[in-house]
Amino acid sequence: MEETIEDPPTSAVLLDHCHFSQVIFNSVEKFYVPGGDITCYYTLTQHFIPRRKDWIGIFRVGWKTTREYYTFMWVTLPVDLNSRPAKQQEVQFKAYYLPKDDEYYQFCYVDQDGVVRGASIPFQFRPENEEDILVVTTQGEVEEIEQHNKELCKENKQLKDSCVGLQKQNSDMQAELQRKQEELETLKSINKKLEQTMKEQKDCWETELLQLKEQNQKMSSENEKMGVRVDQLQAQLSTQEKEMEKLVQGVQDKTEQLEHLKKENGQLFLSLTEQDQNFDLSKRLSENKIMYNVLQKEKERMEEENDLLKMENSTLLSYMGLNYDSLPYQAPTSNQGAARQNPGLVYGNPYSGIQESSAPSLLSIKKCPTCKSDFPDDLFDHTLEQHMQTLSLNCPICDKAFPAKEKQIFEDHVFCHTL
């Protein structure tokens, strides 16, 4: 086989996928004499366009793929491919590279894709003999041969016409194939761009997914911490509420005790005004006053503690997004009614109602507008007011007064302030 610097393009395409009618080989001999160069003549059909890497090879008859060539030569491109009809082309094979046996061979035109576009009739490489030089026939045989030649010519013409139709059909199919290949290339390009876009989009989505996962983990961690903090605050708030309830209950108890002491003090004071000087009663009154002062101080201290707890509760509720007004109860405000009290003696002078004279009937008296009780005229006005307060119910919120017998109305009025 021929040793060349560059091997021709071949393929493993089978014979069923080859197109043998696009290149026609002309003047192919039945045999060629060994030892001399041979020239291969061929013609390109109208719809076939040669390319730079096309080649013509010599194949042994019975070949299966274009890789089984014996030797080859590169084709020469025509000067003007647009000229029609195309002129006959030729390529010359050197004697050194030709086969040396007497097997049957044929020329094949192979394009740069390794596809066969044309094939010649078989031929041999052998020397001439006498049978090839001189043939003697009779007149009858000559006429018979001529008749046979006419039939062969007629059949050849029919075959040529059929070949032209097949070539046209083949050309149309080639054009359609070329168009389909172009469409395929376009679709491949579009597909490649889409794959690139999808890959970029996928990478972008994966990046965003990782970021979202990290944010979700951070939010979950913060949510757990906030949940623990909220539980702690709720527990602390519950504790503070219980303490506040206790303090409120204590304040209410102290207030009730104070009211009781006030009533008792009023009763004692009335008893002192009706009787003569009584040292024992004055001593008891003094003790009640001292107890009242102690209870008053205790109440103020508890109210201050209550205010501190309310401030701390308000801070906790504002941190949790709640409002102090949304609580189901409110502690009574401190120092209500204290502004109305006399900065001096709370119950007045216990001895102011005692007269030196032993005949109180000679003195003018004052009557309580509520209970119609009699009081000496020289009794202090604030003492009479305190006596009247013991017989009435004052609202700790708006200072509205109610008779003692309307206790239910008073309680309903106070309850309305908590709504």
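These notes cover the aromatic pairs, the cysteines, the cavity and one annotated domain.

1. Status. The structure is a predicted model. Everything below should be read with that in mind.

2. Aromatic pairs. The whole structure contains 19 aromatic pairs. One of them joins Tyr105 and Phe125: the ring centres are 5.9 Å apart and the planes meet at 65°, so this pair is edge-to-face. The cut-off for that class is over 60 degrees. Tyr105 lies in strand S7 (residues 105–110) and Phe125 in strand S9 (residues 124–125). The two are 20 residues apart, and the pair links distant parts of the chain. Both residues are buried.

3. Aromatic cluster. Ring pairs tie several residues into a cluster. Its members are Phe25, Tyr32, Tyr42, Phe48, Tyr70, Phe93, Tyr105, Phe107, Tyr109, Phe123 and Phe125. Tyr105 and Phe125, the edge-to-face pair, both belong to this cluster.

4. Disulfides. How many disulfides does a search of the whole structure find? Zero. A disulfide is a covalent bond between the sulfur atoms of two cysteines. Take Cys40: the closest cysteine sulfur belongs to Cys108 and is 9.8 Å away, which is too far for a bond. The cut-off is 2.5 Å.

5. Cysteine exposure. Cys40 counts as buried because its relative accessibility is 1%. Cys108 is buried as well, with a relative accessible area of 0%. Cys204 has 35% relative accessibility, so Cys204 counts as partly exposed. Buried requires under 20%, and exposed over 50%.

6. Around Cys108. Cys108 sits in strand S7, the strand that also holds Tyr105. Phe25 is 83 residues from Cys108 along the chain, yet their C-alpha atoms are separated by 8.7 Å. Phe25 is also one of the residues in the aromatic cluster.

7. Cavity. One cavity reaches 30 Å³ or more. The largest cavity encloses about 40 Å³ of space. Which residues line the largest cavity? They are Tyr42, Leu44, Pro50, Val75, Thr76, Leu77, Pro78, Gln89 and Tyr109. Seven of the lining residues are nonpolar, two are polar and none is charged. Tyr42 and Tyr109 appear in this lining and in the aromatic cluster.

8. Annotated domain. An unreviewed UniProt entry lists "domain: UBZ1-type" at residues 392–417. In the model, residues 392–417 are 42% helix and 23% strand. The C-alpha atoms at the two ends of this stretch are 19 Å apart.

Definitions and conventions
Residues numbered from 1 in each chain as written. Predicted model: local features only at pLDDT ≥ 70, side-chain atom pairs only at ≥ 80, totals over all residues. Heavy atoms only, no water. UniProt positions renumbered as here; feature names shortened; annotations may be inferred. Helix = DSSP H or I, 4+ residues; strand = E, 2+ residues; numbered from the N terminus. Buried < 20%, exposed > 50% of the residue type's maximum accessible area, 1.4 Å probe, protein only. 1 Å grid on protein atoms, 1.4 Å probe; cavity = no way out; pocket = protein on both sides within 12 Å on 5 of 7 lines; lining within 4 Å. Points joined across faces, edges and corners; volume = space filled by probe spheres on them. Nonpolar A, V, L, I, M, F, W, Y, C, P; charged D, E, K, R; others polar. Phe/Tyr/Trp six-rings, centres within 6.5 Å; stacked < 30°, edge-to-face > 60°.
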